[in-house]
Amino acid sequence: MLALLLAIQGVPQAAPPLRLHYRVASTSTVDLGTGAAPLVLKMSAFIAITLSDSAAGRFAEVRIYSSTFDGGAMAASLPPQLLADPKDVTLHGYVTNGRLTSLIPSTPNLQAMQLIPVVQLVLTATKSATPGDHWTDSSSIDSTSAAASSRTRSTTAWVVKQVAGGTDFEGAISGTMILEAGSQRLDLPISGSSRLATRGDHQASAASQATAGQGELKIGAGSLVMKVRNEVTATLFRTAAWAAIP
């Protein structure tokens, strides 16, 4: 028995899952170029990200604890698919050294899909990196519903910088987005920036990203010049219980 206990003690134990709680918020501003006030869509949510070690990376599980969506002046005309509550939707993916290779929702939900970019953003901080490191990540996000489909392709050039108390990840973004809904199609080049603040523990304590673009929205035989701006933020709550989150 003693020999068995000694043998068990010598076997490396798997690290316990890492659970991260974030409050995330996003704002999308759409200017149709008609002289009317821009359309503003807002979303905020509390999410839990659980990372479990595997042989070559980490399994990621993202649970949406609560979510609110504000369609502003457009609320009455938005498709019901966009208004469907994502509460308790779970997304599953895989992370390799800070790179999220997939993230699939347990139930189709457009609001849940909108959270994928911010999940990708905060998980970049789990990469093993030191000040002075730089690299480029590519991203591909597709979303399809009965009303519309979108395809986003982008690259982010990252650099790690030393700051007081930790390190910052700073990224420069470039890419394209294509949105199709019936006879409407939008081709939109996008550019922007990302920032992650870490404090030496490979966890993003705060994250932000802003992208903007201007493109042509084709509506049948006509077209409009559309400007779009997206802003997302994420704040880490260092707690193991949802009850401790305001």
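# Reading a predicted model

Helix 4, residues 116-123, is mostly covered, with seven of its eight residues buried. This model is predicted.

Me: Which residues of helix 4 are called buried?
Reply: They are I116, V118, V119, Q120, L121, V122 and L123. The word "buried" has a cut-off: under 20% relative accessible area.

Me: How much of the protein chain counts as buried?
Reply: The chain has 246 residues, and 39% of them count as buried. Its accessible surface comes to about 12,900 Å². Carbon and sulfur atoms hold 59% of that surface.

Me: Why is L100 called buried?
Reply: L100 has a relative accessibility of 11%. The cut-off is under 20%. So L100 counts as buried.

Me: Where is L100, and what is it in contact with?
Reply: L100 sits in strand 5, residues 99-105. Leaving aside neighbours within four places in sequence, L100 is in contact with Y94, V95, V119, Q120 and L123. Among these partners, V119, Q120 and L123 are buried residues of helix 4.

Me: What makes these pairs contacts?
Reply: A contact needs heavy atoms within 4.5 Å. L100 meets that rule with Y94, for one.

Me: How far is the C-alpha atom of L100 from that of A60?
Reply: The two C-alpha atoms are separated by 8.6 Å. Along the chain, L100 and A60 are 40 residues apart.

Me: What share of the chain's contacts join residues at least 24 apart?
Reply: Take contacts between residues at least 6 apart in sequence. Of these, 57% join residues at least 24 apart. The chain that makes them has four helices and eleven strands.

Now to the charged pairs.

Me: Why is the pair D88 and R63 called a salt bridge?
Reply: A side-chain nitrogen of Lys or Arg must lie within 4 Å of a carboxyl oxygen of Asp or Glu. For D88 and R63 the N to O distance is 2.9 Å. That is within 4 Å, so the pair is a salt bridge.

Me: What does this pair tie together?
Reply: D88 lies in the loop between helix 2 (80-83) and strand 4 (90-96), and R63 lies in strand 3 (residues 58-70). The pair therefore ties together parts that are 25 residues apart in sequence.

Me: Why are D88 and R63 called partly exposed?
Reply: Buried is under 20%, exposed is over 50%, and partly exposed is in between. D88 has 42%. R63 has 26%. Both values fall in between, so D88 and R63 are partly exposed.

Me: What makes the phi of D88 worth a look?
Reply: The phi of D88 is near 70°, a positive value in a residue other than glycine. Most residues other than glycine have a negative phi.

Me: Which loop holds H202, and what is its phi?
Reply: H202 is in the loop between strand 9 (184-198) and strand 10 (204-219). Its phi is positive, about 55°, although H202 is not a glycine. At 38% relative accessibility, H202 counts as partly exposed.

Me: How do you know that E180 and R151 form a salt bridge?
Reply: Their side chains meet at 3.3 Å, N to O. The limit is within 4 Å, so the pair passes. E180 lies in strand 8 (residues 166-181) and R151 in strand 7 (residues 149-163), so the pair ties together parts 29 residues apart in sequence.

Me: Which residues share a network of salt bridges with E180 and R151?
Reply: R185 and D187 do. R151, E180, R185 and D187 are linked in the network.

Me: What makes R229 and E231 a salt bridge?
Reply: Their closest N and O atoms are 2.9 Å apart. That is within 4 Å, so the pair counts. R229 is partly exposed at 38%, and E231 is partly exposed at 37%.

Me: How many salt bridges does the rule give?
Reply: The count comes to eight.

Last comes the cavity.

Me: How many cavities of 30 Å³ or more does a search find?
Reply: The search of the whole structure finds one. The largest cavity has about 40 Å³ of space.

Me: Which residues line the largest cavity?
Reply: The lining is V24, A25, S26, M43, S44, A45, Q114, L115, V118 and V232. Strand 1 (18-31) and strand 2 (39-53) each supply at least two of these residues.

Me: What kinds of residue make up the lining of the largest cavity?
Reply: Seven are nonpolar, three are polar and none are charged.

Notes: Residues are numbered from 1 along each chain as its sequence is written. This is a predicted model: local features need pLDDT of at least 70, side-chain atom pairs count only at pLDDT 80 or more; totals for chains, interfaces and linings use all residues. Side-chain values use heavy atoms; hydrogens and water are left out. Helices (H or I, at least four residues) and strands (E, at least two) are DSSP runs, numbered from the N terminus. Buried means under 20% relative accessible area, exposed over 50%, partly exposed in between (1.4 Å probe, protein chains only). Accessible areas come from the Shrake-Rupley method with a 1.4 Å probe; for residues, only the protein chains shown count as cover. On a 1 Å grid over the protein atoms alone, a cavity is a set of points where a 1.4 Å probe fits but cannot get out, and a pocket is an open set with protein on both sides within 12 Å along at least five of seven lines; lining residues have an atom within 4 Å of a point. Grid points are joined across faces, edges and corners, and a volume is the space filled by probe spheres set on the points. Ala, Val, Leu, Ile, Met, Phe, Trp, Tyr, Cys and Pro count as nonpolar, Asp, Glu, Lys and Arg as charged, and the others, Gly among them, as polar.
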